[in-house]
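Trainee: Could you take me through one part of this model in detail, namely the largest pocket and the elements around it? I would like the cut-offs stated as you go.

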Amino acid sequence: MPVRVRIAPSPTGDPHVGTAYVALFNRTWAKRNGGKFLLRIEDTDRARSNPESERMIFDSLKWLGLTYDEGPDIGGPVGPYRQSERVAIYPKHAKDLVEKGAAYYCTCTADRMEAVRKAQSAAKLAPRYDGHCRNMPPGEVKKQIDAGAPWVIRLKMPTEGECRFKDVVRGEVVFGWDQIDDQILLKSDGWPTYHLANVVDDHLMGITHVIRAEEWISSTPKHIKLYEVFGWEPPVWCHVPLLRNKDKSKISKRKNPTSLNWYRDQGYLPEALVNFLGLMGFSMPAGLEVYSPAEMEKEFSIEKINAGGPVFDMQKLDWMNGQYMRKLSAEELATRLGPFGAAGKDAATVKRIIPLIQDRLRVLSDFAELTSFFFAETVEHDPALLVGKKSNPADTLAMLLSARDVLQTCEWTAASMEAKLRDVATAKGVKPGDLFMPVRVAVTGKAATPPLTETMEVIGREKCLARLEAAGKKLA
């Protein structure tokens, strides 16, 4: 049977980095096997689902290159791919289970369920449905429903024994059936719960492998039971480890950015983020860390997914982003920098600047901060930066005026300017660095910049001389 896998995010906020992480493994497994990767939108939470969140899911996956073969926005042979457009499917399946005796109607009120929960809490028992309607004569439940009582449909779960299943990543997993209560399948408004819709859709869409985050592993016995009572072949189960903070807690926006929008807006390269996410659960041969999706596809197997909780290390991501940033040509980097401050700037100047800053860029949004002095008419001068620890205002002023004098007439190339400034340092009896620093601050307003004379060459003679003059007046 051809491999068919899916991700099924809920459109209830910004797209989560964990969605991309799971999408990567699903898509890679499909590509590895010549299969299909589906996107299904699970929008049955009507109170929280919204079209804008759905659109952001589409956009973020496409930005990352995690394209899918079937989905709500591109269609496919087993659509629709939004659960809200499939609501007519689920009630029939739930009622079929009632007829089989595998499920039952429940008319318990919210007040009754709250009383049960309070009693269980007082007894220090895990909260769960107490089986009240399961044990009620069907005729009595029908009488209540006929009288207008709200109802749901619950699945009959075994009350003893164990659920055992094989997980590709974790081996055999065991749950006692007594840990799992009679889940609701169909809500009183006729809409399905996650469990029913998830299983029905996976079956009808021909999903062969369920590759999802480990947080869903406790739901798997419920899903296995549904496959059993429907008489369907279950998929292969594969629960990938959760992304974690450094303290091993589940990744959360309190400790790490989780929105894919944030990473895009900061200027992380999509190929770097995808590579980084691959490292989170999979190891390439020989410890290779920088690799393309195509290279990953050649080596990937779901059996090779690491079970340990990967730490989402922002420093590692910054390093990875840097690796990809260095690979880009000046032309490609200039294009990528467009939305981050390069658009609208003189293109020729931007291309001259790029070799000076490419090794310094952590993310694309660093461009504006690293290059502002190239484009500004004037810069601010902090006297505390202009005057070094080993100097004083008068000596610094004298050095700046001497630098200005030689720069007025020298050839405006980096090599020529460096030679002339070194001559000034020798004449003043100071080390070249003790001269270069005040000149750097004078022409850029900053103590840390790309190489000084290369920077000055791009800024231009007129601006550099004007800034040296302004810095001198600040010290005079």
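Mentor: What follows deals with the pocket, then with a helix and a strand pair beside that topic.

This is a predicted model, in which local features need pLDDT of at least 70 and side-chain atom pairs count only at pLDDT 80 or more, while totals for chains, interfaces and linings use all residues. Residues are numbered from 1 along each chain as its sequence is written, and side-chain values use heavy atoms, with hydrogens and water left out.

A pocket here is an open set of points, on a 1 Å grid over the protein atoms alone, where a 1.4 Å probe fits and protein lies on both sides within 12 Å along at least five of seven lines; lining residues have an atom within 4 Å of a point. Grid points are joined across faces, edges and corners, and a volume is the space filled by probe spheres set on the points. The largest pocket holds about 1,100 Å³ of space. Its lining has 36 residues, and those nearest its centre are Pro 9, Ser 10, His 16, Thr 19 and Glu 215. Strand E1 (4–7), H1, helix H6 (194–204) and strand E8 (209–213) are the elements that give two or more residues to this lining, where helices (H or I, at least four residues) and strands (E, at least two) are DSSP runs numbered from the N terminus. H1 gives the most, with five residues. By class, the lining has 14 nonpolar, 13 polar and nine charged residues, with Ala, Val, Leu, Ile, Met, Phe, Trp, Tyr, Cys and Pro counted as nonpolar, Asp, Glu, Lys and Arg as charged, and the others, Gly among them, as polar.

Helix H1 (residues 17–32) also holds Tyr 21 and Phe 25, which are four residues apart and therefore separated by about one helical turn. Both are buried, meaning under 20% relative accessible area with a 1.4 Å probe and protein chains only. Tyr 21, Phe 25, Trp 29, Phe 282 and Phe 300 form one aromatic cluster, in which rings of Phe, Tyr and Trp (its six-membered ring) pair if their centres lie within 6.5 Å.

Strand E8, another contributor to the lining, runs parallel to E9, and five bridges join the two; strands pair if DSSP finds at least two bridges between them. His 209 stands opposite Val 236 in E9. Four of the five residues of strand E9 (residues 236–240) are buried, so E9 is largely enclosed by the rest of the structure.

Conventions
Buried means under 20% relative accessible area, exposed over 50%, partly exposed in between (1.4 Å probe, protein chains only). Rings of Phe, Tyr and Trp (its six-membered ring) pair if their centres lie within 6.5 Å; planes under 30 degrees apart count as stacked, over 60 as edge-to-face and the rest as tilted.
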